[in-house]
Structures are given as C-alpha cells and as structure tokens.
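Visitor: I'd like to learn how to read a structure like this one. Could you walk me through a few features?

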Amino acid sequence: MELTKEEQEALDGEMGETLQTAYRILLATGEATNAEKLIPIKWAHLSGVNYNTIGDAGEEFLRKISKDAQVKVKATVNPMGVDFDHISEFNHIDDEFIEKQKSIRDSYIRMGVEPTFSCTPYDIFDLPEKDTQVSFAESNAAIFANSLGGLKTNKESAFSALASALTGKSPYSDFRKDEINIPMTIRMKLEHPNELDFGLLGFFAGKVGDTAVNISGVSQPNRRSCKALCGGMGTSGTCAKFQFTDVENDTSEKVDFGKEEMNKIYDELNTSDKGDIITLGSPQLGLGELSDLSNMLKGKSFQKRCMIFCSRAVQNQARNLDYTKEIERAGGEILSDCCTCLTPLIDTNETDSVTTNSVKGAYYLKNSTGVDVNLKSLSKIIEEDTK
Amino acid sequence: MTKVIVQGKAKGLVLKTHNPINFLGAIDNKTGIVHDQKYDIFEKSVKNSVLVFPHGIGSSVGAYTIYSLKVNGNAPIAMICQKADLTVASGCALADIPMLVVTPEKFNSIENGKEMQIDTRSTEIIN
C-alpha cells in the first residue's frame with residue numbers, strides 16, 4: 001500500500017505514539033485487503049466497549065491512549081455491558097465490573113466520541129448521502145450500512161474502526177470500491193416469513209456466503225425483519241453485504257433456503273422449549289419497533305421478566321411519544337446503553353434459559369452468557385408469554 | 001506467494017487448525033486455551049505457537065482478544081492464514097505479532113507440531 005509523505009511520517013512515529021499505532025493498524029488492514037491507498041472516511045462506529053468482551057487489557061489500553069488521542073471524524077460507540085441508570089436493581093453485578101465499565105466509558109468520551117452506546121447507529125442518526133465512506137465495526141451496522149443504507153464500509157474490526165476514527169482514514173479496498181462481485185444468490189423459499197425467519201436466513205447466508213450475497217424471493221421486509229437479517233448474517237460469518245434481487249438467471253451460484261435449511265439452523269440455536277426470562281433487542285429496538293410493541297401489548301401483561309433493549313436516544317424519543325407507558329405497564333423493563341448480547345445483567349445463577357426472537361442474541365446467549373435459548377417470534381412471545 | 005501483513009521475527013512449534021477461528025468466543029485470553037469443543041484444537045494452548053489457521057471469523061471485538069492474549073503472556077508468537085481478515089490483521093498489528101498470508105498449497109504443506117522460523121525481512125520468510 002502506498003502512503004503519502006504525511007502518512008509515512010505518522011507511521012514512523014513523528015506525530016506521537018497513538019497515531020503511530022493507528023497507522024500500523026491501517027497498514028496491516030490495508031495489506032490484508034490489498035488496498036493501494038488510504039482514503040478519507042466520514043464516520044466511524046466503534047466496537048470494544050463492553051468490559052465483558054475487552055477485559056482488563058482493553059480497559060488499560062483505552063485508558064492509556066485516551067490521555068492524548070482525539071477522534072478526527074464523527075465517531076459513535078457500541079453498547080456497554082450495563083445500564084447505569086438501573087444498575088442498583090442488579091445486585092449480582094460486582095463493583096469491579098462497574099468501575100472498569102465506567103473507566104471504558106470515560107476513555108471513549110475523553111477521545112471525543114458521541115456516547116451513543118448503541119449497536120444501531122442507523123436508528124439514531126440520519127444517514128449521510130449515498131456512497132459516503134464510513135467505517136463501521138459492529139457487524140449488523142456494517143451490513144445495514146452497505147445493504148440498506150447506501151453507504152460504503154468494510155466489516156471493520158474494533159481496532160481498524162478505532163484507527164479510522166483517530167486518523168479519519170481507511171484502506172481503499174473491497175466494499176469501499178464501486179464494483180462488487182456478488183458470487184452467490186440465496187433463494188428464499190419460506191412463505192410469509194417473520195423476523196425470526198429473517199434472522200435465521202441471515203445466519204444461514206453468513207455461513208454459506210463469503211463476501212456478499214444476493215437474496216431472491218423476498219418482498220419488502222419491514223425494518224424489524226431487515227435488522228434481524230443483518231444481525232443474523234453478521235454473527236455467523238464474514239459476509240458484509242446483501243442485496244435483494246428478483247433476477248435469478250445470472251451466473252451466481254444458487255442456494256435454496258427452505259424449511260429444511262431453516263430447521264437445521266433453528267435446531268442449532270434453539271436449545272430449550274421454555275425461557276425463565278424474555279429479552280428483546282439484539283440489535284437494539286428502534287422507535288418503530290417500540291411503537292409496534294406498545295400496540296401489541298395493549299391490555300396484556302408479561303407473565304415473566306422481560307428485558308427490552310434500545311438505545312438511550314430511542315428510549316428518550318419513545319418516552320416523549322408515550323410508547324413506553326404501555327410497555328412498562330405490561331411489566332417490560334426498558335434498558336439502554338447495553339443489549340442482549342454479552343450483558344452481565346442476565347444473572348446466570350438465577351437464569352437457566354432465555355426466550356428471545358433474536359438469532360444474534362441466541363448465539364451469544366448460548367455461547368458467551370452460557371444459558372439455554374428458547375427462540376421464537378415476537379408474535380409468539382406475545383401470544384404465549386403474556387396474558 | 002507469501003504476503004507479510006505484520007512484520008517480525010519468530011521461532012516456535014506449529015499449532016495448526018482447519019477451523020476458521022472466532023477469537024472472542026473460542027479462546028480464553030487468561031490461559032490461551034481453546035475452549036470451544038467445535039474446534040479440532042480444542043483444549044490446546046495457542047501460547048508461544050506459530051498458529052496456523054484458515055482465517056478469522058465472528059465478532060470484530062476478537063481483535064481485543066488477540067491483544068489481551070499478548071498482554072497476558074498467552075499469545076501465539078506468529079500467525080499464518082490462508083486469507084487475511086481485518087480482525088486478525090488489526091489484532092496482530094496492535095499486539096506486535098508477526099502475521100503472514102500464504103497460498104493454499106503452502107498452507108496445506110505446513111505440518112502440525114513442526115518447528116518453524118519466520119523472518120519477514122529475510123528473503124526466505126518461512127523456514
């Protein structure tokens with residue numbers, strides 16, 4: 001990869017240790033993706049915020065670099081592990097977790113990021129104009145940006161997005177280019193799919209696809225289903241983009257997603273026929289989803305604990321519009337700045353199994369939190385777990 | 001052709017897997033041990049190995065796991081992949097772990113348990 005004189009100087013350490021580190025990361029990721037140069041980006045979305053995932057080494061690293069590092073472009077951040085407004089209700093979370101999580105939060109804020117603590121930046125901000133180069137590390141957000149938002153990003157890592165935030169640059173490669181070859185078409189064979197089916201389709205597509213996939217046989221899914229598709233796809237593989245298409249006579253490889261394929265994925269992720277608690281929101285719910293939920297809950301109450309995750313910005317909007325009233329009356333606990341995935345708010349001493357409609361959530365609940373998962377659609381949750 | 005992603009020198013025994021690695025989920029950064037039984041290197045330690053695997057998958061936060069392995073003294077001394085991905089490349093760059101991408105032929109020819117020497121600035125990168 002060719003560097004400009006200024007970039008080379010930064011790599012040689014002439015602009016300080018932090019920028020040297022950032023350029024070392026950009027050089028490695030540029031070489032990894034055969035980029036010929038670095039280009040400017042407008043917005044970086046960072047992962048690596050939850051103390052559960054980055055641990056002591058991550059906390060110390062961020063504390064150290066935030067002493068002098070400042071972001072050069074708009075930067076937003078992924079969820080933390082907890083919602084500090086509700087932390088007193090969760091006695092099992094120890095003081096060390098709280099202290100380290102606060103340190104991580106403060107380090108990001110010192111560097112100048114917007115404290116969004118959300119995996120759904122596309123639900124909080126108006127998206128920039130078509131073809132704008134961004135650098136999104138959260139996989140569902142990167143896939144959403146490329147596939148539905150008209151933006152351009154690679155499926156960035158926590159460090160490559162951080163390096164982009166600190167330099168305002170990213171290697172010009174893969175999904176940042178205009179022409180992308182899509183080598184596979186997945187033929188959706190399920191009729192009237194709900195959001196769970198779309199999540200399973202995404203997980204399947206991420207497994208069989210490599211870089212990008214076409215999806216045929218789908219007509220205008222709603223936002224809830226689109227987000228489920230992005231979340232599922234980002235969890236299982238390396239795919240960074242999908243494209244809905246009606247064309248099936250091209251030369252791409254064709255793969256069917258029917259009942260059999262769906263059941264196989266479902267059986268891999270669903271390990272229980274009931275849940276001790278319910279979680280909704282991975283990706284975090286948007287305003288429209290909270291509005292739908294408040295309508296679905298009219299006159300009903302949850303029969304077990306239900307944690308509902310959305311970003312702080314969306315929660316504030318929902319409060320102003322009174323969507324939260326019906327949800328809270330029905331017993332739903334609305335939590336922000338964190339999400340189903342990898343939150344220690346789920347107390348594994350008291351919880352053996354969790355009901356959710358999120359395929360992404362199911363994967364991390366099973367593999368990271370270590371609980372069994374009862375996977376079912378939102379309408380089935382309302383039907384079976386409320387009265 | 002062997003491609004250098006992160007420069008460096010290393011010498012150690014090869015630990016080879018045919019499974020793409022999800023660093024966040026599969027490796028315990030406090031011990032370096034692979035704790036996901038779906039892997040053919042289940043219960044093996046990546047510590048001080050030349051870790052040879054097809055490519056990284058899964059969470060973008062896996063880059064922090066690679067860095068944590070290094071800080072905790074449990075990291076591989078080098079990594080060799082068949083395909084580079086941003087999580088492994090950026091994690092190795094920050095952790096200062098030499099990283100190479102090799103052709104499928106070269107990848108297949110690398111034997112588990114063999115001693116290997118890597119020097120990215122030498123004409124013979126792998127010995």
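Guide: We'll go from the fold of one chain to its packing and then to some backbone angles. Keep in mind that this is a predicted model.

Visitor: Fine. Which order do the elements of chain B run in, from the N terminus on?

Guide: Reading from the N terminus, you get β-β-α-β-α-β-α-β-α-β. That comes to 4 helices and 6 strands for chain B. The radius of gyration of chain B is 13 Å, close to the 14 Å that the globule rule gives for 127 residues, so chain B is as compact as a globular protein of that length. As for its extent, the C-alpha trace of chain B spans about 35 × 25 × 20 Å along its principal axes.

Visitor: What share of the residues in chain B is buried?

Guide: Buried residues make up 58% of the 127 in chain B. The accessible surface of chain B is about 5,400 Å², and 48% of that belongs to carbon and sulfur atoms. You can also look at contacts by sequence distance: among those in chain B between residues at least 6 apart, 70% join residues at least 24 apart.

Visitor: And the nonpolar residues? Which ones touch the most other members of the largest nonpolar core?

Guide: The general idea is that in soluble globular proteins, nonpolar side chains tend to be buried together. Here the largest nonpolar core has 134 residues, and Tyr108(A), Phe23(B), Tyr64(B), Met79(B) and Met99(B) touch the most other members. Another core, of 18 residues, lies apart from it and includes Leu285(A) and Leu378(A). Take Met99(B) as a case: beyond four places in sequence, its contacts include Val4(B), Ile5(B), Met79(B), Cys81(B) and Val88(B).

Visitor: Where does chain A meet chain B in a way I can look up?

Guide: Try Ala28(A), which lies in helix H2 (residues 17–32) of chain A. Ala28(A) is buried, with a relative accessible area of 2%. Leaving aside neighbours within four places in sequence, Ala28(A) is in contact with Ile5(B), Val6(B), Ala89(B) and Ala93(B).

Visitor: Now a whole helix. How many residues of helix H2 of chain B are buried?

Guide: 8 of the 10 residues of that helix (residues 62–71) are buried, so H2(B) is largely enclosed by the rest of the structure. Among the buried ones are Tyr64(B), Ile66(B), Tyr67(B) and Leu69(B). The buried residues of H2(B) pack against partners in both chains: helices H3, H4 and H7 of chain A, together with H1, strand S4 and H3 of chain B. Just after H2(B), Gly73(B) takes a positive phi of about 75°.

Visitor: Gly73(B) is a glycine. Where should I look for a positive phi in a residue other than glycine?

Guide: Generally, most residues other than glycine have a negative phi, and most peptide bonds are trans. Glu43(B) has a phi near 70° and is found in the loop between helix H1 and strand S3 of chain B. Asp96(B), with phi near 60°, sits in the loop between helix H3 and strand S5 of chain B.

Visitor: Is Glu43(B) buried or exposed?

Guide: Glu43(B) is exposed, at 58% relative accessible area. Asp96(B) counts as partly exposed, with 43% relative accessibility.

Visitor: You mentioned peptide bonds. Which residues does a cis peptide bond join?

Guide: Ser282(A) and Pro283(A), with omega about -5°. Pro283(A) lies in strand S10 (residues 277–285) of chain A.

Methods:
Residues are numbered from 1 along each chain as its sequence is written. Chains are lettered from A and ligands numbered from 1 in the order in which they are written. This is a predicted model: local features need pLDDT of at least 70, side-chain atom pairs count only at pLDDT 80 or more; totals for chains, interfaces and linings use all residues. Side-chain values use heavy atoms; hydrogens and water are left out. Helices (H or I, at least four residues) and strands (E, at least two) are DSSP runs, numbered from the N terminus. The radius of gyration is taken over C-alpha atoms; the globule rule is 2.2 Å times the number of residues to the power 0.38. Buried means under 20% relative accessible area, exposed over 50%, partly exposed in between (1.4 Å probe, protein chains only). Contact means heavy atoms within 4.5 Å. Accessible areas come from the Shrake-Rupley method with a 1.4 Å probe; for residues, only the protein chains shown count as cover. A nonpolar core is a set of buried Ala, Val, Leu, Ile, Met, Phe, Trp, Tyr and Cys residues joined through side-chain atoms within 4.5 Å.
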